[in-house]
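Reader: I should like to go through this model with you, beginning with its charged pairs and then turning to the contact between its chains. Please give the reasoning with each answer.

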Amino acid sequence: MRLVRYLQHWLSGIGPRLQVADFVPDSHPIRQWADTFPWAALVAAIEHRFAQRCPKRSLCGRAPIPLRVLLALELLKHEVGASDEDMCHRLRTDFAVMYACGLREYQAPRSQAHFVLPETLSEFRGRIDEALMDELMAIQAAAAMDEGLVSPAHLVVDTFPAEQGSQRVTDATTLYKAQKKPLNSSTASPGDAAARPPS
Amino acid sequence: MRGFGRQCRGQGRIFVTLVRHTERQLLALGQPIHALGQRAQQLLAQADDINEAQREGLAMQLTAALGAHGHIRQQSGRLTQGKKLRHCKLVNAYDLTIAPILKGKSNCPAQFGRKPGIISEPATGFIFANHVPAGNPSDLSYVLPLLDKVQSAIDRVRSPKQLQVHSVAGDLGINDTALRQALHARGILTIGIPKTVAPINPTPTTEEILDILNKAGSSCQRTPDQVQLACTAGYSRPVVESHIASLLSRGAGQVRYKGLQGAVVQQGMTVMAHNGATLMRIRQQHLSKRAQKFRRLLGLRHRNVTQINDPKN
């Protein structure tokens, strides 16, 4: 119920509330996958670290999006191989994703396009540092060892290459941009600047 | 710099003259940057309409930008003069921690990016920790940080059962005497790390087991059964490639987030998603015969999810 209270500004539709768990069968892969995570411990660790790094200075303003939702979206993104935009859309329409995010009841107006914006997910990711990431993995491993599912007795170490795939900046691109910039500034007349709407 | 990356894979030509011509123009364009940067630092120190924290932040960003420009300028100057660059050269102007990866591909120029390391359980593929260093260090440097992370996970376990790392397996890249001694000092067997390209014997004789225990030293308090399992794990070390393939299928082969921190987050989240799928398989008993036998020998309990033995309600 605490989670629903946080999300009440989205879940303000009319009609009866739908029970998310009723729509996701026990054998659904995303449900089974989500049930393996120690969510409470993971969220507590993130809350603790965020409180240290970015302390909240004021109690005013809208309640933040629950960390459980953001963490689950980020993990699901890598599990299903989707983009931020896709995951945020699926949170709006896919009951299995809602279940993985810890939402238990669903009631929203049709006009609401997103529960979580992709930019919010990106900001959440930017706050995670290496120490927190290691802590989250240690919590997951410790929970699995506690359950007796895995053992650290015999381990294998290896490395693999991961090429940089985000932004390929070449010298030719940089030169093209550098040459284009003074060209644009010299061709722009004062009349054009006055006709532009104020930013 | 145009020799790196996917664009130049295969039989593509590298246009050296065009690169050198472009570099000269860029160097000419960037000539006044150093003087402008120093002037900007002076003006920033005199600015009154910003507070101290803002001034410090801006000064830090300006210093970093000038440092990066100096690095790029030095490298570009050497390139235009036709000199060979040193090994750890700059390959991305926005991220100095990216380095060429000299492994993984045999039929194309070297990729550039990162080289994450993982430490996993050979039976099921559960990954206990990963490590994404800056640059491209040797595989040796991954082992101890990864083991430290595993130990921190073990320290979090609340069950009374004493969990320990008994053995570590790897490829020839981590075959080093100093590393073996460090692992033996921690009580960890190194029989899984090969010394030659020959495969490890999965069924050592009693004499061989005693020999392994003697070589490990007195600090390594291991039993013959544990040595036997360590040999089996070392023999089946190539199974780690399937764990890596699982990560690659989740997009770990291409770093899409910015910077070292972004790479750490992406790889970490991928590993956690993979671990979730692995735990799901373990609970459903969707494991190979070899994995089931290995788990039985390790004393890991079988959880029959379809049977309710002791209903609480």
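Author: A salt bridge here is a side-chain nitrogen of Lys or Arg within 4 Å of a carboxyl oxygen of Asp or Glu. The model is a predicted one. By that rule, Arg49(A), Asp129(A), Glu135(A) and Arg156(B) are linked in a network of salt bridges.

Reader: How far apart are the closest N and O atoms of Arg156(B) and Glu135(A)?

Author: Arg156(B) lies in the loop between α4 (140–155) and β5 (167–169) of chain B, and Glu135(A) in helix α9 of chain A, so the pair joins two chains. Arg156(B) is partly exposed, at 35% relative accessible area, whereas Glu135(A) is buried, at 17%. The two residues form a salt bridge whose closest N and O atoms are separated by 3.6 Å.

Reader: How many salt bridges does the rule find across the interface of chain A and chain B?

Author: Side chains of opposite charge can pair when their charged atoms come close. Over all chains, a search of the whole structure finds 17 salt bridges. Across the interface of chain A and chain B, the number found is six.

Reader: Is Arg125(A), which forms a salt bridge with Asp84(A), buried or exposed?

Author: The closest N and O atoms of Arg125(A) and Asp84(A) are 3.0 Å apart. This pair links distant parts of the chain, with Arg125(A) in helix α8 and Asp84(A) in helix α6 (residues 84–93) of chain A, 41 residues apart. Asp84(A) counts as buried at 15% relative accessibility. Because the cut-off for buried is under 20%, Arg125(A), at 11%, also counts as buried.

Reader: How many residues apart in sequence are the parts that Arg186(B) and Asp148(B) tie together?

Author: Arg186(B) and Asp148(B) form a salt bridge, with 3.0 Å between the closest N and O atoms. Arg186(B) is partly exposed at 41% relative accessible area, and Asp148(B) is partly exposed at 39%. Since Arg186(B) lies in the loop between α5 (177–185) and β6 (189–192) of chain B and Asp148(B) in helix α4 of chain B, the parts they tie together are 38 residues apart.

Reader: Which element gives the largest share of the side of chain A that touches chain B?

Author: In the interface, 62 residues of chain A are in contact with 101 residues of chain B. There are 29 residue pairs in polar contact across it, both residues being at pLDDT 80 or more. Several elements of chain A each supply at least two residues of its side, including α5 (67–80), α9 (130–146) and α10 (171–187). The largest share, 14 residues, comes from α9(A).

Reader: Which residues of chain A lose the most area to chain B?

Author: Chain A and chain B bury about 7,300 Å² between them, 61% of it on carbon and sulfur atoms. Three residues together account for 12% of what the side of chain A buries: His154(A), Phe160(A) and Glu163(A).

Reader: What is the bridge partner of Glu163(A) in β7(B)?

Author: Two bridges join β4(A) to strand β7 (residues 254–255) of chain B, and these strands run parallel. In β7(B), Glu163(A) has as its bridge partner Gln254(B).

Reader: What is the relative accessible area of Asn130(B)?

Author: Asn130(B) is placed in strand β4 (residues 127–131) of chain B. Beyond its neighbours within four places in sequence, Asn130(B) is in contact with residues among them Asp134(A), Met137(A), Leu146(B) and Val271(B). Asn130(B) is buried, with a relative accessible area of 5%.

Key: Residues are numbered from 1 along each chain as its sequence is written. Chains are lettered from A and ligands numbered from 1 in the order in which they are written. This is a predicted model: local features need pLDDT of at least 70, side-chain atom pairs count only at pLDDT 80 or more; totals for chains, interfaces and linings use all residues. Side-chain values use heavy atoms; hydrogens and water are left out. Contact means heavy atoms within 4.5 Å. Buried area is the accessible area (1.4 Å probe) that two parts lose on being put together, summed over both. A polar contact is a pair of N or O atoms within 3.5 Å; within protein, one must be able to donate a hydrogen and the other to accept it, and residues adjacent in sequence count only if both atoms are side-chain atoms. Helices (H or I, at least four residues) and strands (E, at least two) are DSSP runs, numbered from the N terminus. Two strands pair if DSSP finds at least two bridges between them. Buried means under 20% relative accessible area, exposed over 50%, partly exposed in between (1.4 Å probe, protein chains only).
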